[in-house]
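Please open the structure in your viewer and keep the selection tool at hand. The tour below goes from stop to stop, saying each time what to select and what can be found there.

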Amino acid sequence: NLKNLSLISSVLWWLLVIFLGLEIEAFLSFASLFAKSVLLVLILICLSLIFCIESFKKKLGPKEVHQIKISSINKEYFISSNNAVPVYEDTYVILRNEGKYKMRILIQFVSRFDSNLLTSRRKIANHTINKKYNKQNNLPLHDALKMLRINLVICDEMSDDARKWVGRNTELLLSRNESIVNAAAFLNQETFIFPDCLSGLTYNEIIKYELAANTLCSLFGTD
């Protein structure tokens, strides 16, 4: 729903800019009162529809993180079946192309969720990946907008810290040129959690969010 609404909203914004330009041109060229009035009505319609759509989008989110049941995971099988490549201690990477999007899925195994430890390992792993696969940090905007990173942490036990990490700064991380989505799985509970899609995201950001959700469900063999 958010994807469709964001697409409609984008079209309305473009129409609004066009109508505003035509209205200015109408005044500068001393067009008829009828032409000016029609353009003004079209501008007001666009503004009203945009306001209604944005109000409706806010009612759809944000919500709590999604909690999805998964089957029991065998670490070795999970790594091999998904062609994950080791890059650091208990840290693996999967590089995929999905249509025009390029994904980097970083998988970290740890017994207990530890934000500082995981961040430290993630930085080293990403540096190793960039060097090994010759990844550029300063990509052109057009290319960067097609990039998506998924940070997946797999722990033994669910914790509040893990839930907060998954749900924190979702909109900010997705708004980056190279969008980031955080997720976590818990072996003992046979569950993985995923952030909710927020109402303020752009159409492209929602597409990448949807792609991340589908990819993670595919990794865990869920629908």
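## A covered helix

Begin with helix H8, which is mostly covered, since 13 of its 18 residues are buried. What you are looking at is a predicted model, and that should be kept in mind at every stop. Select residues 203-220 to show H8 by itself: at 1.5 Å a residue, its 18 residues should span 26 Å, and because the C-alpha atoms at its ends are 26 Å apart, the expected and the modelled span agree. Just after H8 comes Gly221, and the phi of Gly221 is positive, near 70 degrees.

## The cysteines

Which cysteine sulfur is nearest to that of Cys155? Before selecting it, note that the structure holds zero disulfides. Cys155 is accordingly in no disulfide, and the nearest cysteine sulfur, which belongs to Cys217, is 18 Å away. Cys155 is buried, because its relative accessibility is 0%, and Cys217, with a relative accessible area of 12%, is buried as well.

## Aromatic pairs

Next, show the aromatic side chains, among which the count comes to five aromatic pairs. Select Tyr92 and Phe109, whose rings form an edge-to-face pair, with 5.9 Å from centre to centre and 90 degrees between the planes. This pair links distant parts of the chain, as Tyr92 is in strand S3 and Phe109 in strand S4 (residues 101-109), 17 residues apart. Tyr92 counts as buried because its relative accessibility is 14%, and Phe109 counts as buried at 7%.

Move on to Phe113 and Trp165, which form a tilted aromatic pair, with 5.6 Å between the ring centres and 50 degrees between the planes. Here too distant parts of the chain are linked, for Phe113 lies in the loop between S4 and helix H4 (115-132), whereas Trp165 lies in helix H6 (residues 160-167), 52 residues apart. Phe113 is buried, with a relative accessible area of 6%, and Trp165 is buried with a relative accessible area of 6%.

Two further selections belong with the aromatic rings. Phe78, Phe192 and Phe220 form one aromatic cluster, so-called clusters being easiest to follow when the three residues Phe78, Phe192 and Phe220 are shown together. Then return to Phe109 and add Lys75, whose charged end sits over the ring of Phe109, 4.9 Å from the centre of that ring.## A buried threonine in strand S3

Where in the chain is Thr91 placed? Select it and you will find it in strand S3, which covers residues 91-98. Thr91 counts as buried because its relative accessibility is 0%. The side chain of Thr91 reaches the backbone oxygen of Glu89 at 3.0 Å. Leaving aside residues up to four places away in sequence, Thr91 touches Val85, Pro86, Leu106, Ile107, Gln108, Arg121 and Ala125, and it is helpful to display these as sticks.

## Two polar side chains

For the next stop, select Asn130, which lies in helix H4. With a relative accessibility of 15%, Asn130 counts as buried, and its side chain makes a polar contact with the side chain of Arg104 at 2.6 Å.

Then go to Ser29, which is placed in the loop between helix H1 (2-28) and helix H2 (33-59). Is Ser29 buried or partly exposed? Ser29 counts as partly exposed, because its relative accessibility is 43%. The side chain of Ser29 reaches the backbone oxygen of Ala26 at 3.5 Å.

## Two asparagines with positive phi

End the tour in two loops. Asn83, a residue other than glycine, has a positive phi near 55 degrees, and it lies in the loop between helix H3 (75-81) and strand S2 (85-88). Asn83 is exposed, with a relative accessible area of 61%.

The last selection is Asn169, which has a positive phi of about 60 degrees although it is not a glycine. Asn169 is placed in the loop between H6 and helix H7 (170-175), and at 44% relative accessibility it counts as partly exposed.

Conventions. Residues are numbered from 1 along each chain as its sequence is written. This is a predicted model: local features need pLDDT of at least 70, side-chain atom pairs count only at pLDDT 80 or more; totals for chains, interfaces and linings use all residues. Side-chain values use heavy atoms; hydrogens and water are left out. Helices (H or I, at least four residues) and strands (E, at least two) are DSSP runs, numbered from the N terminus. Buried means under 20% relative accessible area, exposed over 50%, partly exposed in between (1.4 Å probe, protein chains only). A polar contact is a pair of N or O atoms within 3.5 Å; within protein, one must be able to donate a hydrogen and the other to accept it, and residues adjacent in sequence count only if both atoms are side-chain atoms. Contact means heavy atoms within 4.5 Å. The expected span of a helix is 1.5 Å times one less than its number of residues. A disulfide is a pair of cysteine sulfur atoms within 2.5 Å. Rings of Phe, Tyr and Trp (its six-membered ring) pair if their centres lie within 6.5 Å; planes under 30 degrees apart count as stacked, over 60 as edge-to-face and the rest as tilted. A charge sits over a ring if NZ of Lys or CZ of Arg is within 6 Å of the ring centre and within 35 degrees of the ring normal.
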